[in-house]
Amino acid sequence: MPLPSDDHRRIQTAVIGHKNSDLAIILPMEAAELARWRQKHPRYTYWCGTLLGGCGEPLTDRLYRSKVCHFAHHPHHTCTRTANGEDSADHLFMKRVLHEWMGSQGLKGTVRLPRNTTSPGGAIDIDIQGSPRRLRVRLRPSSDGSWGLASGEAGGPGRKDIDWVFGLGGPAPEEFLDEDGYVFRIRFETQGAKRCPYLGVQQRGRAIEWTPFTTAALTREGLSTAVVEEIRAARRRSLTASGGDSTAEASPETTPTSKGRAIRHVGREELVVALRDALELGARWAIRPTWKRLGQMIGADFTQYNDVDLADLLTEVDVPFPQDDPVLSVLIRTDTGEPLPYLDSILDGLGLGRPSSASHLKRWAQREADRAFAKYGIPPRTMPPALPLDGAVPEVFVMKAKVSPRRHARSRQATTAEARHQAPADRKRLQRLITQGQELVSSTPGKAGTRLKQQLRSARRLLEGMRRTELNDLGLRLLREITAELETSIAEAKKAAKRNPKSPGTAQ
């Protein structure tokens with residue numbers, strides 16, 4: 001059934017039951033999943049909820065086999081709701097997770113959605129009953145790009161009783177990095193009909209360390225994860241060693257540069273994740289960084305790489321290539337503002353082919369940058385259509401190819417069909433391994449634990465990038481390689497756990 005002429009937007013989220021409900025849902029995007037959902041919940045009614053900034057009118061779920069399933073208003077209805085994507089109900093999913101998390105921690109309190117913010121649904125306030133501790137979650141910055149922190153809460157002696165958590169839509173507040181050495185971040189992953197929050201710990205010069213929010217704890221020192229406990233312990237040791245001097249020594253894993261900025265020697269997987277995070281953040285602010293600027297953002301020294309190594313690194317950043325997403329590698333520019341001289345090698349490595357000419361590659365790169373600014377901008381905008389890489393090649397030249405176009409097309413279709421058939425099972429297998437690995441990571445000591453953390457980070461990043469993506473053979477091959485590496489890491493973690501049966505928490 002085609003969409004009504006009055007509602008051309010793809011609404012991915014709604015609330016269940018009534019217009020003022022806080023029970024959010026993200027509609028399954030694939031036809032088979034939505035059919036199973038309907039069969040399981042035949043009595044559910046969906047609404048353009050007021051807590052989503054919606055009109056409060058009922059919605060219908062639209063099942064399609066040739067495109068993404070979505071919600072829609074009834075015909076001839078006008079709605080002023082501005083946020084319709086899969087992240088538009090994150091505040092409601094977070095609210096429900098917070099209630100469940102507080103219960104698991106044996107805590108009581110209130111979870112409020114302030115309405116006096118410039119970004120509707122962008123703020124969540126949590127007050128703990130019988131405790132001075134408070135949590136403040138800011139999913140999105142205000143329209144001016146700031147986090148709108150109240151001076152009475154963000155600074156002063158009362159701030160030690162508040163844990164702030166920030167989304168990825170804006171830069172980390174410098175005062176938090178200066179005072180605490182880290183900043184809490186929050187992101188969400190779609191799992192079925194809900195969005196699951198992940199709590200991140202961001203430090204200067206390091207990739208963000210992510211963990212499911214439900215594994216966090218609330219201690220006397222505040223919101224805590226394993227990474228935060230390590231940071232706090234290191235700062236306490238540093239203060240003790242310096243006799244109370246707040247100037248901490250450099251980490252042994254870092255090297256100071258001539259400008260005093262520390263460069264951390266990170267592994268390949270961590271560098272790929274950090275580089276992609278930095279490029280996405282740059283796209284949010286319509287910035288096209290140089291390698292020097294990226295090195296300052298990440299805390300890495302890219303001068304040690306040659307052009308071939310950098311091209312391979314960026315190929316990993318953009319693989320698997322989502323069919324509709326922009327190529328982030330185009331955002332990096334030379335000191336003269338030109339695209340990277342080896343950009344064509346990156347595109348070839350991604351399986352996108354070669355550009356028809358240098359001038360067309362430049363136009364194509366600018367269009368991809370504009371698409372990245374639209375997708376990751378604040379607020380996100382509709383991306384302009386992508387330009388074909390071979391757009392400047394005359395059609396008569398293509399017809400002179402020696403390989404039969406029909407045979408070439410059949411070969412590509414067969415490869416795509418195989419990837420499309422195998423991908424769902426391989427994705428589910430990887431998801432199961434991630435769950436299994438997450439259960440082992442906290443109890444795995446030494447190098448095996450470090451390797452498992454790295455593989456889990458790479459696997460989660462891969463699944464996130466593959467969402468709503470039709471894999472080609474290159475993407476399917478990468479999926480299987482990362483799955484095999486994660487399986488190996490899990491096996492090593494199990495062996496390490498057997499060799500060290502006593503965990504720190506069980507020592508007598």
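**Helix α6 and the helices it packs against**

Q: How many helices and strands are there in the protein chain?
A: The protein chain has 14 helices and 16 strands, and please keep in mind that what you are looking at is a predicted model.

Q: And what share of the residues is buried?
A: Of the 508 residues in the protein chain, 45% are buried, while the chain as a whole exposes about 26,900 Å², with carbon and sulfur atoms supplying 52% of that area.

Q: Switching to helices, how do people describe two packed ones?
A: They give the angle between the two axes and the distance between those axes.

Q: OK, what are those values for α6 and α8?
A: Helix α6, residues 268-284, packs with helix α8, residues 307-318, at an angle of about 70°, and their axes lie 9 Å apart. Angles of 65 to 115 degrees count as roughly perpendicular, and therefore α6 and α8 are roughly perpendicular to each other.

Q: Which residues make that contact?
A: From α6 they are R268, L271, V272, L275, R276 and L279, and from α8 they are D309, D312, L313, L314, E316, V317 and D318. Sorted by class, this contact of α6 with α8 has 7 nonpolar and 6 charged residues, and no polar ones.

Q: What about α6 and α7, what is the angle there?
A: Helix α7, residues 291-298, packs with α6 at about 110°, with the axes 10 Å apart, which makes α6 roughly perpendicular to α7.

Q: Which residues meet there, and of what class are they?
A: In α6, L271, A274, L275, A278 and L279 meet W291, L294, M297 and I298 of α7, and the contact of α6 with α7 has 9 nonpolar residues, with no polar and no charged ones.

Note on methods:
Residues are numbered from 1 along each chain as its sequence is written. This is a predicted model: local features need pLDDT of at least 70, side-chain atom pairs count only at pLDDT 80 or more; totals for chains, interfaces and linings use all residues. Side-chain values use heavy atoms; hydrogens and water are left out. Axes are lines fitted to C-alpha atoms, for helices over the stretch in contact, and angles run from 0 to 180 degrees between N-to-C directions. Helices (H or I, at least four residues) and strands (E, at least two) are DSSP runs, numbered from the N terminus. Angles under 35 degrees count as roughly parallel, over 145 as roughly antiparallel, 65 to 115 as roughly perpendicular and the rest as oblique. Contact means heavy atoms within 4.5 Å. Ala, Val, Leu, Ile, Met, Phe, Trp, Tyr, Cys and Pro count as nonpolar, Asp, Glu, Lys and Arg as charged, and the others, Gly among them, as polar. Buried means under 20% relative accessible area, exposed over 50%, partly exposed in between (1.4 Å probe, protein chains only). Accessible areas come from the Shrake-Rupley method with a 1.4 Å probe; for residues, only the protein chains shown count as cover.
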